[in-house]
Amino acid sequence: MAGPTTQQLSDRLEKHEKALRDLEQTVQTLVERVDNARGDVKRIDDSLNRAMEALSKTAAQQAALEAKHSSLEKTIDEVKKSLEERDRKQWILWVAIIGILLTFVANLAVALLRK
């Protein structure tokens, strides 16, 4: 039994060389895809870091706004109490003025009736 001929060996070698070139090309394509994927991951990571920084700033701003809101609520309550007190004092003043006017009118009437 004779071994493969030189032509057969040459054909096999060409097939393997072609398969090796195809494999090298496939590996090169995959390496490029991996490099692109790494670039995408880096961009996504950068975007995520920026988003986290913005979220952190927003949380700090929200805390500051909540403090301001609380302060404003207290101020509004104080203003409401002040207005209520002022209204109460105004009613007392008006009652006193009306009392004075009625007393004046009554004194005039009494003075006019005595004459």
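In this predicted model, D46 is partly exposed, with a relative accessible area of 28%, which places the residue between the limits of 20% for buried and 50% for exposed. The side chain of D46 meets that of K42 in a salt bridge, with a nitrogen-to-oxygen separation of 3.3 Å. K42, for its part, is exposed, its relative accessible area being 53%. The two residues belong to helix α1, where they stand 4 residues apart, about one turn of the helix.

The pair formed by K42 and D46 is accompanied by other salt bridges, the structure holding 6 in total. One of them joins R38 to D35, whose closest N and O atoms are 3.8 Å apart. R38 and D35 are separated by about one helical turn, because they lie 3 residues apart in helix α1. R38 counts as exposed, at 59% relative accessibility, whereas D35 counts as partly exposed, at 43%. Further along the chain, the side chains of R88 and E85 meet in a salt bridge with an N to O distance of 2.4 Å. R88 and E85 are likewise placed in helix α1, 3 residues apart and thus about one turn of the helix from each other. Both residues of this pair are partly exposed, with relative accessible areas of 42% for R88 and 32% for E85.

Nonpolar residues also contribute to the surface, where W91, L93, W94, I97, I98, L101 and L102 make a patch of about 790 Å². W94, one of these residues, lies in helix α1, which covers residues 6-114.

With regard to the overall architecture, the protein contains 1 helix and 0 strands. The radius of gyration is 48 Å, well over the 13 Å that the globule rule gives for 115 residues, and the protein is therefore more spread out than a compact globule. Taken along the principal axes, the box filled by the C-alpha atoms is roughly 165 × 20 × 20 Å. Of the 115 residues, 0% count as buried. The exposed area of the protein amounts to about 11,000 Å², of which carbon and sulfur atoms supply 63%.

Charged side chains comprise 19 that are positive and 18 that are negative, and the centres of these two sets lie 14 Å apart.

Note on methods. Residues are numbered from 1 along each chain as its sequence is written. This is a predicted model: local features need pLDDT of at least 70, side-chain atom pairs count only at pLDDT 80 or more; totals for chains, interfaces and linings use all residues. Side-chain values use heavy atoms; hydrogens and water are left out. Patches are made of residues with over 30% relative accessible area and no salt bridge: like charges are joined within 9 Å, nonpolar side chains (Val, Leu, Ile, Met, Phe, Trp, Tyr) within 5 Å. Accessible areas come from the Shrake-Rupley method with a 1.4 Å probe; for residues, only the protein chains shown count as cover. A salt bridge is a side-chain nitrogen of Lys or Arg within 4 Å of a carboxyl oxygen of Asp or Glu. Buried means under 20% relative accessible area, exposed over 50%, partly exposed in between (1.4 Å probe, protein chains only). The radius of gyration is taken over C-alpha atoms; the globule rule is 2.2 Å times the number of residues to the power 0.38. Lys and Arg count as positive and Asp and Glu as negative; His and the chain ends are not counted. The place of a charge is taken as NZ of Lys, CZ of Arg, CG of Asp or CD of Glu.
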